[in-house]
Amino acid sequence: MEAKSSPDLESIGSGTTTKRSSGSRSRTRRDFLTRFTDSERFTENLQDWFGSVSENHDNKPVFEPPFELVELQKFDYALEGVSFQQLTRMPNAVYASTSTSVEANAYLAVEDFLHAAVKSLWEAFWSQEEEEAVPFSVGCLFSENLKFYQAEKALALGRLDGLSATGVLLKNPRHPHGKWDHVLELALLRPEVGSRQPSLPVLGEALFYALRVLISRSVSRLDFSQSSNCVFVLLVDLQYGGVVKVEGDVSKLDYDVNNVYDCAMEWVKNHSKISVSPIDRIWNKLGNANWRDIGALQVVFATYHSIVQYFGPPRHSIEDLAADHSSRVHSRRQERQLGDSGLNENGMFRLQQRTMSPEIVEVHEEEESSKVEPEPLMKLEVGSVLWLEDSNYQKGYQINQVLTNGTLPYHIASPVDEAGKSVFLYVGSPPSQLEPALEDMNLWYQVQRQTKMLSIMRQRGLSSKYLPQLHGSGRIIHPGQCQKPSSGGRCDHPWCGTPILVTTPVGETVSDMVNEGRFGPEEAIRCCHDCLSALSSSSSAGIRHGDIRPENVVYVTSGVRQPYFVLIGWGHAVLEDRDRPAMNLHFSSTYALQEGKLCAASDAESLIYMLYFCFGDLPELDSVEGALQWRETSWSKRLIQQKLGDVSTILKAFSDYVDSLCGTPYPLDYGIWLRRLKRNLSEDHGKEIETSG
């Protein structure tokens, strides 16, 4: 079959030469695109690959989802104050097979849905002025010439049968029919998407368009971020929708212009990562989008990430907007006249259980005092004993001290059967809470996610005294008789099923040491060595910390000859590409703030910021933009190196080294710097220390 020629060669930037590739390489890629135009032929080549990846999955998903549920929950909190409005309704699916006008109206509805999404996202997260124009256009793709038209114009020209997708593009008046390197996101309107996984024809077409976008970006003059090696393609029908995320380095594609479809298939097979979300309902029976349900939410979240790829981090981060959720919950409780009686001394909501009457009963003001008192909860205070149930044992811990990490409570406790031993004890959020606040998501990271990461470390054989050790994990055994129906269920008690994490060793946080004036040059050098040793050990297993700050480093002095530091707080650790580090305006690396990901030197950069701030005041930072500006100024004027140079010459040298690696893919040479730091401690202070990793 002879390949079709693309009429819009100009639309992918003909004649341009980028900083990343030579002119000849760009021409080769453009030639490849002119021949790579037949999605059906490309899909045929994927049949064997699709069959192999689908084997032995039965009814289970073939591909991992692009987003975690906790990410969508935080995004949902951030959107509470954002208004979305789709004006063109999606036609009812009942009439889809009986009217050609239904398909035309469906394209209009998809276009309006995407327009409403990008407009609201831009105004909520990026816009600086109320009347600022939205820098996007939305158009339908005509398959014959691969150009974009507004849906109404395409339908007026009688091109309904030729429409193949709807795209969100950067607005460019010079190119009314769009440029492929201007495409931020594509949506495919296909019948019967509402199944567990997309079929090969639908997935193949999504991969085809995603690859065209990636290649077009690689020869573009536009300044996309380093995350431009991924594209989101939306799959929708008249009711349901989902997200396909395609990632990969197109420089690894063999650009053989005489064999484009086989080369593209090999790239998908060997060099791409494909994620597919669950298919969920987007539009109700009236044709209105369920903006706050998970189906529409994951589509809008993909659109958000598509905007980030070109425009960078928003002026108002998801964390900033989501932080207002707790205050809204508090206001709502006051509106419902619940007052503040629902909060216990730990800052958690009490669950009130009242006897229910089958009849409507008038309650008078004077009867207020006769309300049933809430069931008392287990109080986590000094002297309390918590019992933990694991699959193999039950173990008790007595609370010795109540502490906080930022706003999150945690405890120093002693095992009942080992009275002289101290452990850190973390208690999660009760699963009975119906409307979890943002703080409870942070508790999820502190307890459940950290338990997972420490378990993985143990399974992979990581052994370092500078890493926390998993002492125990499981569920609380609450007072009274537990009436849970099975080993995996829970009863009506508000604390039934609450997760617990127990770790060792125990120490004082760097934050407390700094506040009390006990963190000097010797402690700084030792802290740098010990944290670097912990990072060396974890990186050998492909794990990065992602949340280094003074509250997550403890100084162990009890029962040891030589005190040392331990890097704790692994709940935000990054193990896979889809994992996201914590965002902290003072301590996050530059790459984390820009891309929402970690580069090879990100943890070391955060370690430098932590040491720097231990000997200076924290600047006032109220936005990601301000934090990035502070970093650029501080590094360019060598303020960080100068400050650490006043503490120790070795720390100044290490900060210079980290500065040279920031934002690059080059790995940090742990061995050299661990030896240098150890030698500095040994020679300067006459103390030998252990080096691991």
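Between which two strands is the loop in which Leu146 is found? In this predicted model, Leu146 sits in the loop that links β1 (136-142) to β2 (147-149), and the report begins from that residue before turning to the chain as a whole.

## Backbone geometry in loops

Leu146 has a positive phi of about 55 degrees, although the residue is not a glycine. With a relative accessibility of 4%, Leu146 counts as buried, being below the 20% limit that is applied to buried residues.

A positive phi is also found at Arg638, again a residue other than glycine, where the angle is near 60 degrees. Arg638 is placed in the loop between α17 (624-636) and α18 (639-647), and its relative accessibility of 33% puts Arg638 in the partly exposed class. A further backbone feature is the cis peptide bond that joins Thr504 and Pro505, with omega at about -5 degrees; Pro505 itself belongs to the loop between β14 (499-504) and β15 (508-509).

## Overall make-up of the chain

The chain holds 20 helices and 17 strands, and buried residues make up 53% of its 693 residues. Of the contacts in the chain with a separation of 6 or more, 69% are accounted for by residues 24 or more positions apart.

## Nonpolar cores and helix α16

The largest nonpolar core has 74 residues, and those with the most contacts inside it are Phe519, Cys527, Leu532, Trp570, Leu611, Leu651 and Phe654. The largest share of this core comes from α16, which supplies nine residues. A second core, separate from that one, has 66 residues and includes Phe113, Leu121, Leu184 and Val299.

Helix α16 (residues 602-614) has 13 residues and reaches 19 Å from its first C-alpha to its last, which is close to the 18 Å expected at 1.5 Å a residue. The helix is mostly covered, as 13 of its 13 residues are buried.

Leu651 can be described through its contacts as well: when neighbours within four places in sequence are left aside, Leu651 is in contact with Ala524, Ile525, Cys528, Leu611, Leu644 and Leu677. Among these partners, Leu611 is also listed with Leu651 as one of the residues with the most contacts inside the largest core.

## Packing of α18 against α19

How are helices α18 and α19 oriented with respect to each other? The axes of α18 and helix α19 (residues 649-661) come within 6 Å and cross at roughly 155 degrees. Because angles over 145 degrees count as roughly antiparallel, α18 is roughly antiparallel to α19.

On the α18 side the contact is made by Gln641, Leu644, Gly645 and Val647, while α19 contributes Thr649, Leu651, Lys652, Ser655, Asp656 and Asp659. Leu644 and Leu651, which both take part in this contact between the helices, are also in contact with each other.

## Cysteines without disulfides

A disulfide is a covalent bond between the sulfur atoms of two cysteines. A search of the whole structure finds zero disulfides. For Cys599, the closest cysteine sulfur is that of Cys662, and the distance of 6.8 Å is too far for a bond, given that a pair of sulfur atoms must lie within 2.5 Å to be counted.

Cys599 has a relative accessibility of 7% and therefore counts as buried. Cys230, at 5% relative accessibility, counts as buried too.

Key
Residues numbered from 1 in each chain as written. Predicted model: local features only at pLDDT ≥ 70, side-chain atom pairs only at ≥ 80, totals over all residues. Heavy atoms only, no water. Helix = DSSP H or I, 4+ residues; strand = E, 2+ residues; numbered from the N terminus. Buried < 20%, exposed > 50% of the residue type's maximum accessible area, 1.4 Å probe, protein only. Expected span 1.5 Å × (residues − 1). Core = buried A, V, L, I, M, F, W, Y, C linked by side-chain atoms within 4.5 Å. Contact = heavy atoms within 4.5 Å. Axes fitted to C-alpha atoms, helices over the stretch in contact; angles between N-to-C directions. Parallel < 35°, antiparallel > 145°, perpendicular 65-115°, else oblique.
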